[in-house]
Amino acid sequence: MKAILIKSPGAADQLYLGEYEIPKPASDEVLVKVHATALNRADILQREGKYPPPDGASPILGLEMSGEIVEVGEEVKKWKIGDKVFGLLPGGGYAEYAVIHQDMAMAIPENLSFEEATAIPEVFMTAFQAVHWLGKLQPNERILIHAGASGVGTAAIQLAKEMQAEDIIVTASQAKHATCRELGAHYTIDYKSQDFRDEIKKITDGEGVDVIVDFIAAPYFERNISVLRTDGRLIMLALLGGTHLEQFNLGNLLRKRIQILASTLRSRSREYQIRLTEAFAEFAISRFETEKLRPVIDQVIDWQEVKAAHQRMESNQNIGKIVLKISES
Ligand SMILES: NC(=O)c1ccc[n+]([C@@H]2O[C@H](COP(=O)([O-])OP(=O)(O)OC[C@H]3O[C@@H](n4cnc5c(N)ncnc54)[C@H](OP(=O)(O)O)[C@@H]3O)[C@@H](O)[C@H]2O)c1
């Protein structure tokens, strides 16, 4: 089969369309002819050699896919050849064929194309886990979502709206604010020209927020803690701004009984990912069908243009997902 491979760890120009063996489905897996996959920041790190795939995962990039089942393992009961599915992968999405565990695959809602379906799993399931499972966002609570126009951010805004958050506040570059508002954000903060701590104090009358979804880490840590209310939850998903704190007064954590939860989805066990897939599907599939939730697609790019796609994400130009269409060659 054709697959996007890496010549040697490095920049986007190391990616090329090469030949790779078609994976064989295990007894509880299905083989999917992939129609579309999508980019994630983890792909960039893996391409650079900084994020090796978990044990047993395909070394090919790609954490999600949509396509059609072409083969089923002997124990597979719930799927048949021809079914259209999408789902999260531990790797292997940038290829003409990929295997997925039967319980990690979800049926594509009829109103969604392959390109739309593949834009869902990684960012929506990450956001669902962050906002619902970890953040335990309650109706009438306030949430702050950093990088609101990112793939995960755009999903988190929509999920918070469906969970009836009182105020959804996001930080993002100015040019991305309109999209965040369309999706359901009530307040947008341009973190480049405004201090989000001052803005949140103004927006909430000094009360603060209950849940924060953060990707920036060190440069935001102290301010995140200062804008959390008592019993607030800080969910840390990435380290885009840096890893080390110079100093921090731990007293604020105790005084406000703050919970800090960090998570990476890819490192979770298959059992955890299956439970998450099932809980997410139950919550979200009908909402995609009725368009209460929608995948946010920045661009659909032919996979032969994968270098340009990676460069677009690396330069922070995207709003939502960059999708790769797997064209016949
Ligand atoms: N822990 C997990 O399980 C998990 C799962 C999926 C993704 N992630 C991580 O979550 C992050 C977002 O992923 P994604 O796919 O949604 O990314 P994305 O769509 O590429 O968006 C990232 C956005 O973050 C903003 N940004 C980048 N660097 C920043 C910085 N230093 N300070 C403030 N904002 C910055 C930029 O938007 P602006 O133009 O608005 O600044 C950028 O477009 C990535 O780091 C990814 O690795 C974690």
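This passage describes the domains, the sheet with its packed helices, and the ligand shell of a predicted model.

Residues are numbered from 1 along each chain as its sequence is written. In this predicted model, local features require pLDDT of at least 70 and side-chain atom pairs are counted only at pLDDT 80 or more, whereas totals for chains, interfaces and linings use all residues.

The protein is divided into domain 1 (2–120 + 269–325) and domain 2 (123–262), with bounds that come from an automatic or database domain assignment. The centres of the two domains, taken over C-alpha atoms, are separated by 27 Å. Across the interface, 13 residues of domain 1 are in contact with 12 residues of domain 2, contact being assigned if the C-beta atoms of two residues, placed from the backbone, lie within 7 Å. Helix α9 (residues 270–289) supplies the largest share of the domain 1 side, namely 5 residues; helices (H or I, at least four residues) and strands (E, at least two) are DSSP runs, numbered from the N terminus. By class, this side of domain 1 comprises 9 nonpolar, 1 polar and 3 charged residues, where Ala, Val, Leu, Ile, Met, Phe, Trp, Tyr, Cys and Pro count as nonpolar, Asp, Glu, Lys and Arg as charged, and the others, Gly among them, as polar.

An open sheet of 6 strands follows the order β10-β9-β8-β11-β12-β13 with parallel pairing, two strands being paired if DSSP finds at least two bridges between them. Its edge strands, β10 (187–190) and β13 (259–262), each pair on one side only. Within the sheet, β8 (residues 142–145) and β11 (residues 209–214) pair in the parallel sense over 3 bridges, and V211 in β11 is the bridge partner of I143. Helix α4 packs on the sheet, touching β8, β9 (167–172) and β11, and its direction makes about 170° with that of β9; axes are lines fitted to C-alpha atoms, for helices over the stretch in contact, and angles run from 0 to 180 degrees between N-to-C directions. Helix α7 (residues 218–227) lies across β8, β11 and β12 (228–236), running at about 145° to β12.

The ligand is surrounded by 27 residues, of which the closest are R41, S150, G151, S173 and A238, a residue being near if its C-beta atom, placed from the backbone, lies within 6 Å. Two or more residues of this shell are given by each of α1 (41–47), α3 (121–134) and α4 (151–162), and the largest share, 3 residues, comes from α3. By class, the shell has 14 nonpolar, 10 polar and 3 charged residues. Because domain 1 and domain 2 both give residues to the shell around the ligand, it lies between them.
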